[in-house]
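Me: I would like a close look at a single part of this model, with the surroundings added afterwards. Please take one helix and work outwards from there.

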2 protein chains.
Amino acid sequence: MTTTTPSAFDTDTASTRVGEHEFALELSERWTTFGGTANGGYMLATCLQALRQEIPQPDLLSASAHYLRPGVLGPARIRTEVARIGRRTATGEAVLTRDDREIIRVLATFTDLAQADGKTAERADAPVLPPPAACVDPLAGLGAVGDATIAERVEFRMPEVPGFWRGAPGGTSAADFWCRFTDGRDADPVALALLVDAAAPVVMDLGVPGSSTVELTVHIRRRPAPGWLRCRVRTNYLIDGFHEEDFDIWDSTGALVAQSRQLALIP
Amino acid sequence: MTTTTPSAFDTDTASTRVGEHEFALELSERWTTFGGTANGGYMLATCLQALRQEIPQPDLLSASAHYLRPGVLGPARIRTEVARIGRRTATGEAVLTRDDREIIRVLATFTDLAQADGKTAERADAPVLPPPAACVDPLAGLGAVGDATIAERVEFRMPEVPGFWRGAPGGTSAADFWCRFTDGRDADPVALALLVDAAAPVVMDLGVPGSSTVELTVHIRRRPAPGWLRCRVRTNYLIDGFHEEDFDIWDSTGALVAQSRQLALIP
C-alpha cells in the first residue's frame, strides 16, 4: 500500500460546500506574495476548483479574473453561478469574498480537451533552454524571499538569473525559464492558471518594486504532460504605471499548454 | 448652428434603462458578421455602454467577455451589477440576454486614464505602414461581404490584401493594416473594444472558413487620438480547432491604445 501526501496545491485550493452555490475555505499562508497577501494565481485557482464542482466538462479552457481587493489571509467564501452548460463548453462565474467584501470575480469556460479534434497549425516555437539540471535556481542561497511564501511552493530554473532577482534590474523585461511545483505535483489546467502568475513580475527588470494585477486571463491549450514546464514571460508596454505581462507555458514535450496576459498597475 | 448625425456606433450601442440595473436595446442589423448574427465586438460594446452609466470613472480600462450563444438580432436586455467602486478603478458586470437566454457575460474595470501618472517604458513599436491613401481597400469592388454588414461600418486600408480576403489563403495568419469607422466617428475606449473584433479572423489565412469567439479580453492603454488606427493581428497557435487571435491597435500618432486577445473555435 502506498500512502501519498496530498500536494500543497490540492490541499490549499480546496473548499467545502456550505450552500447550494457557496463554498468555504481558508486563504492559506503558504501562497503569499510580496506584502503577505494571497497570490493572485492562487486565489484564481481556488475559484476554479469550486466552479469545477458545478460543471460537467473536466478541463478549464479559459478564465478571466478581475482583482478588486488584496487577498487578506484567513477564512473566505466563494459564491458560484452556472451561466450555461452546453454540449461542448460550459461557462460559470465565481466570486471570492472576505467578510462579504469582494476580492476577485472570475468568469470561466470549461471543455473536454480530449474531445477537441479540429485542425492544428502552429506558427511559433517553445523556448529553447538548457536542461533544468544545467540551469540556475534563482532563489538558491537567497533564503526566504521577504514574505512571499509562494517562492517555497514553486521552483524555477533559469539559464541566467535576470538582474532584478538580485536587485540589479537589467531593463529587458523578458525571460525564458523552467518552472514546476516544488513538491513534485504535476500541472493540470487549473494548476497552470496559478503558475502563470507565480513568478516575480518581469516588469521589475525595469526598476519598479512590484505590481498589482487588475485583470488576468489564461487560456489552456492542451492538458500538460508531466514534468518541468517551459515558460516565456514578457512585458512590452509600461504606460503611465499600467503594464501588460504575457506569460506562456509549454510542457516538457515542448507543446504549448497555456497562454496568459495580465494587466497590472505599479503601486 | 451645426447639426450632426449621430454615428452608427453611438446609435446602435445605446440602450434604454428599464429597471434599476436593467437596460433594453435592439441588436442591430448593421453590425452582423458571417452568418447574420451580431458581431461579438459590437455586443461587447453594448454591454460596456450600459455599464458606463453605473460607474463614475470615465474610461474603459479592461474588459473580459465570455460568449455563450450567437447574437440573434432583435430586442435584447442587459443586466448590470456593480462589483466595486474604488477611488482609482471600478469594476462591474453586464450580461446580455435574448429571451432570457444569456448571449454574453462581461466583466469590466474602468478608470480615469487622464489621471494615470506612473512610469512609462515601451519595448515594442507600432506597425510601419504606408499612408492610408497609398494602401488598398480590401473590400473595394467586392460589393456586399455575404451577410456581414459590419464591413459597411468599419473600413480598412492594407499595404497588400491578405490572400484569404480574396479566397486564396496565404498561410501567414498575421497582418498589419489601418482601420476606422466608415462614417468618420473617431474611436474612444469603448469603440476600441468593438474594433479589435471587427476584421475577418486572420486564421482564415490558414484555410479555415471562420471562427466563433469563446472569450475576448481587451485592455485600453491610452485614449486614442483622432484619425486612422494602426492594427496588428496575429494567430500563432491553432490547436485542435481552438486558436488565439492577438489584435493590437495604435492610434494615428503611433501610440499603443489597445491590446486584445481572443480564444476562438473553428466551427
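Reply: In this predicted model, Asn39(B) caps the N-terminal end of helix H2 of chain B. The contact runs from a side-chain oxygen of Asn39(B) to the backbone nitrogen of Gly41(B), at 2.8 Å.

The helix that follows covers residues 40-52 of chain B, 13 residues in total. At 1.5 Å a residue H2(B) should span 18 Å, and the C-alpha atoms at its ends are 18 Å apart, so the two values agree.

H2(B) is mostly covered, with 12 of its 13 residues buried, that is, under 20% relative accessible area. The buried set starts with Gly40(B), Gly41(B), Tyr42(B), Met43(B) and Leu44(B), goes on through Ala45(B), Thr46(B), Cys47(B) and Leu48(B), and ends with Gln49(B), Ala50(B) and Leu51(B). In an α-helix there are 3.6 residues a turn, so residues three or four places apart point the same way.

Chain A has its own H2, also residues 40-52. H2(A) reaches 18 Å from its first C-alpha to its last, close to the 18 Å expected. Asn39(A) caps its N-terminal end, with a side-chain oxygen 2.9 Å from the backbone nitrogen of Gly41(A). Since 12 of the 13 residues of H2(A) are buried, the helix is largely enclosed by the rest of the structure. Tyr42(A), Met43(A) and Gln49(A) are among these buried residues.

The two chains are related as follows. A turn of 180° with a shift of 0.0 Å along the axis lays chain A on chain B with an RMSD of 0.0 Å. That is the relation of a two-fold axis. In chain A, the C-alpha nearest the axis belongs to Ser64(A), 3.2 Å from it.

Beyond the helices, the model holds 3 cavities of 30 Å³ or more. The largest has a volume of about 60 Å³. Its lining draws on both chains: Glu215(A), Thr217(A), His219(A) and Arg261(A) from one, and Thr217(B), His219(B), Gln259(B), Ser260(B) and Arg261(B) from the other. Strand S10 of chain A, strand S10 of chain B and strand S14 of chain B each supply at least two of the lining residues. By class, this lining has 6 polar, 3 charged and no nonpolar residues.

The second largest cavity holds about 40 Å³ of space. Among its lining residues are Met158(B), Phe164(B), Trp165(B), Phe177(B) and Val233(B). Here the lining consists of 10 nonpolar residues, with no polar and no charged ones.

Definitions and conventions:
Residues numbered from 1 in each chain as written. Chains lettered and ligands numbered in written order. Predicted model: local features only at pLDDT ≥ 70, side-chain atom pairs only at ≥ 80, totals over all residues. Heavy atoms only, no water. Helix = DSSP H or I, 4+ residues; strand = E, 2+ residues; numbered from the N terminus. Expected span 1.5 Å × (residues − 1). Buried < 20%, exposed > 50% of the residue type's maximum accessible area, 1.4 Å probe, protein only. Polar contact = N/O pair within 3.5 Å; in protein donor to acceptor, adjacent residues only side chain to side chain. 1 Å grid on protein atoms, 1.4 Å probe; cavity = no way out; pocket = protein on both sides within 12 Å on 5 of 7 lines; lining within 4 Å. Points joined across faces, edges and corners; volume = space filled by probe spheres on them. Nonpolar A, V, L, I, M, F, W, Y, C, P; charged D, E, K, R; others polar. Least-squares fit on C-alpha atoms with pLDDT ≥ 70 in both.
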